[in-house]
Amino acid sequence: MEKNKLKIIFLDRNTVGPFELKEIFSKYGEYTEFNLTNDDDVASYLKDYDVVILNRIRLGKKEFEQAPHLKLVLLTGTGFNHIDLVAAKEHGVSIANVAGYSTNSVSQLTMTFLLNELTKVEKLSQKVKEKKWNELSINMDNYYHIDTEDKILGILGYGNIGQKVAEYAKSFGMKVMVAKIPGREYTDNLDNRYDLDEVLEKCDVFSIHAPLTDLTKDLINLDRMKKMKKSAIILNLGRGPIINEDDLYCALKNNIIASAATDVMTTEPPKNDCKLLELDNFTVTPHLAWKSQKSLERLFAAIENNLNLFLENKLIGVESR
């Protein structure tokens, strides 16, 4: 493909916010943007394009079959579980993701969650706005905040983000235990890596930063949550399906664990009847941990680099495994 004659489409442009993209991608040919969701007939938009950019849109066999010119999918993120890699390979389409661009922003939100769960800033502020200052002062036993000092943070997924979170946590006086993913082999000889069940039993906060794979899907289920302290907190900044959400609802509703905070869910956005949204001890943000200004700058520089690597026949990309 010639550099200046590509037809490029960004399917879910609205997912990256007010960040200037036309100037970047118009250099390579004709650039088009849409604000599609998975509820749209995505396949009908693909037939004329060489390159597709997307964040959360799912691409499967149907979409690849209806995109005869498509050669490259540029993902505006790290995860690629929403792409059928087998179908992509069958149709000669390369898939390129970006890793490491949002380490700082995801780690920052992780610590925001952690501190908010221990200090309940959000809930205390709301009660003050409801004119309950005196009530809070009188009933402080119900609202004291918990020190991070000497608390144990369990981490599942110890890549760039997991390591950054560990660094932050240690600066707050926390001890860190890194959990093994059952079924995965480890060769790094990390001195603070333990079996998952041991981490769950001992940790005060359990923070998830792992990718979604066959080994991690539904990994945190009710049986495993029952191993945790009743005062324990779960944070999920990996992928929604790593936690079984029905089991999480049961654990939170019945005080098997104290609370949970997540930036990711199994269905995004969650359905209107999602029971977790009814719970006071469940906090959720709309999958935005990765989306800081600096992260977006790094992300699109890397995406443009992936495009150039592809044009130079140097792109490795992701593969089915």
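Glu-33 is a good place to start in this predicted model: at 34% relative accessibility, it counts as partly exposed. Its salt-bridge partner is Arg-13, with 2.9 Å between the closest N and O atoms. Because Glu-33 sits in strand β2 (residues 29-33) and Arg-13 in the loop between β1 and α1, the pair ties together parts that are 20 residues apart in sequence. Arg-13 itself is buried, with a relative accessible area of 12%.

That pair belongs to a set of 14 salt bridges in the structure. Another one links Arg-224 to Asp-197, the closest N and O atoms being 3.5 Å apart. Here the partners come from two helices, Arg-224 from α9 (residues 222-225) and Asp-197 from α8 (residues 196-202), so parts 27 residues apart in sequence are tied together. Asp-197 is partly exposed, at 28% relative accessibility.

Now let's turn to helix α11. Its 19 residues (293-311) should span 27 Å at 1.5 Å a residue, and the end C-alpha atoms are indeed 27 Å apart, which agrees. The buried residues of α11 include Leu-296, Leu-299, Phe-300, Ile-303, Leu-307 and Phe-310, along with Glu-304. The buried residues cover an arc of only 160 degrees around the axis, which puts them on the same side of α11. An α-helix has 3.6 residues a turn, so residues three or four places apart point the same way. Among the elements covering the buried residues of α11 are β1 (6-10), β3 (51-54) and α4 (103-119).

Just after α11, Asn-313 takes a positive phi of about 60 degrees. Glu-312 and Lys-314 meet through their side chains in a salt bridge (3.8 Å, N to O). Glu-312 is partly exposed at 43%, while Lys-314 is exposed at 54%.

Technical notes:
Residues numbered from 1 in each chain as written. Predicted model: local features only at pLDDT ≥ 70, side-chain atom pairs only at ≥ 80, totals over all residues. Heavy atoms only, no water. Helix = DSSP H or I, 4+ residues; strand = E, 2+ residues; numbered from the N terminus. Expected span 1.5 Å × (residues − 1). Buried < 20%, exposed > 50% of the residue type's maximum accessible area, 1.4 Å probe, protein only. Arc of directions from axis to C-beta. Contact = heavy atoms within 4.5 Å. Salt bridge = Lys/Arg side-chain N within 4 Å of Asp/Glu carboxyl O.
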